[in-house]
Amino acid sequence: MYVLTFVLWLILNARLTWEVAGMGLVLTALFGVFFGCFLDYRPRNELRAWRRFFLMLGYVGLLIREVIKSNLAMIDIVWDKSVPVAPTLITFDVPLQTRFCRMLLANSITLTPGTITVSVDGSRFTVHCLSRSMIEGIESGGIARLLGKMEAV
């Protein structure tokens, strides 16, 4: 973060002189002290954030893939009247520990067409789906595993 703050200082000044560089180093150090004292900044947290960033990119890609698959399944249901629709409520447990990851999973389920997260009680999810095939493997699927990895980081 210190290097990024210093580089931002240099970019915003648009020129490089000894005075600008010296003032940038002083201000960067003051910002570092401020962030450490009042915003609970630690370099260890920044490394963790970068590792989570790459996992989040994987999560977004996986979510987009699942939304596309669900959209194609919904197109089949709408256009082909012979496709059986059996709305059901399914309850299952997911071993996610943090509220943030449980919230991401609940929203991911709701974002995919044909499924809605009805309630989350701890690690117990209740999901409404148009057919059982739409929810198969969600508790042990790719999104839940990826969110578990994000918790471990």
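**View 1. Ser-70, a buried residue of helix H3**. In this predicted model, Ser-70 has a relative accessibility of 14% and therefore counts as buried, the cut-off being under 20%. Its place is in H3, the helix of residues 43-79. Beyond its neighbours within four places in sequence, Ser-70 is in contact with Thr-112 and Pro-113. Along the chain, Ser-70 and Pro-113 are 43 residues apart. Their C-alpha atoms are separated by 5.6 Å.

**View 2. The largest pocket and its lining**. The space in this pocket comes to about 340 Å³. Its lining has 22 residues. Closest to the centre are Glu-66, Ser-70, Ser-133, Met-134 and Ile-135. Three elements give two or more residues each to the lining: H3, helix H4 (99-111) and helix H5 (142-152). H3 provides the largest share, seven residues. By type, the lining residues divide into nine nonpolar, nine polar and four charged. Ser-70 thus appears here again, as one of the residues closest to the pocket centre.

**View 3. Leu-57, also in helix H3**. Is Leu-57 buried, partly exposed or exposed? Its relative accessible area is 48%, so Leu-57 is partly exposed; exposed would need over 50%. Leu-57 can be viewed together with Gly-142, 85 residues apart from it along the chain. The C-alpha atoms of the two are separated by 13 Å.

**View 4. Helix H4 and what covers it**. H4 has 13 residues. At 1.5 Å a residue, H4 should span 18 Å. The C-alpha atoms at its ends are 18 Å apart, which agrees. Which residues of H4 are buried? They are Cys-101, Arg-102, Leu-104, Leu-105, Ala-106, Ser-108 and Ile-109. An α-helix has 3.6 residues a turn, so residues three or four places apart point the same way. The cover over the buried residues of H4 includes two helices, H3 and H5. Strands E1 (88-93), E2 and E3 are also part of that cover.

**View 5. The hairpin of strands E2 and E3**. Strand E2 covers residues 115-121, and strand E3 covers residues 124-129. The two strands run antiparallel and are joined by six bridges. Asp-121 stands opposite Arg-124 of E3. Two residues lie between the strands of this hairpin. Gly-122 takes a positive phi there, near 70°. In a regular strand the side chains alternate between the two faces of the sheet. Both E2 and E3 are among the elements that cover the buried residues of H4.

**View 6. Helix H1 and the residue that follows it, Ala-14**. H1 takes in residues 2-13, 12 residues in number. The expected span is 16 Å at 1.5 Å a residue. The end C-alpha atoms of H1 are 17 Å apart, which agrees. Next comes Ala-14, in the loop between H1 and helix H2 (18-38). What is the sign of phi at Ala-14? Phi is positive, about 65°, although Ala-14 is not a glycine. Most residues other than glycine have a negative phi. With a relative accessible area of 69%, Ala-14 is exposed, because the cut-off is over 50%.

Conventions. Residues numbered from 1 in each chain as written. Predicted model: local features only at pLDDT ≥ 70, side-chain atom pairs only at ≥ 80, totals over all residues. Heavy atoms only, no water. Helix = DSSP H or I, 4+ residues; strand = E, 2+ residues; numbered from the N terminus. Buried < 20%, exposed > 50% of the residue type's maximum accessible area, 1.4 Å probe, protein only. Contact = heavy atoms within 4.5 Å. 1 Å grid on protein atoms, 1.4 Å probe; cavity = no way out; pocket = protein on both sides within 12 Å on 5 of 7 lines; lining within 4 Å. Points joined across faces, edges and corners; volume = space filled by probe spheres on them. Nonpolar A, V, L, I, M, F, W, Y, C, P; charged D, E, K, R; others polar. Pairing = 2+ DSSP bridges. Expected span 1.5 Å × (residues − 1).
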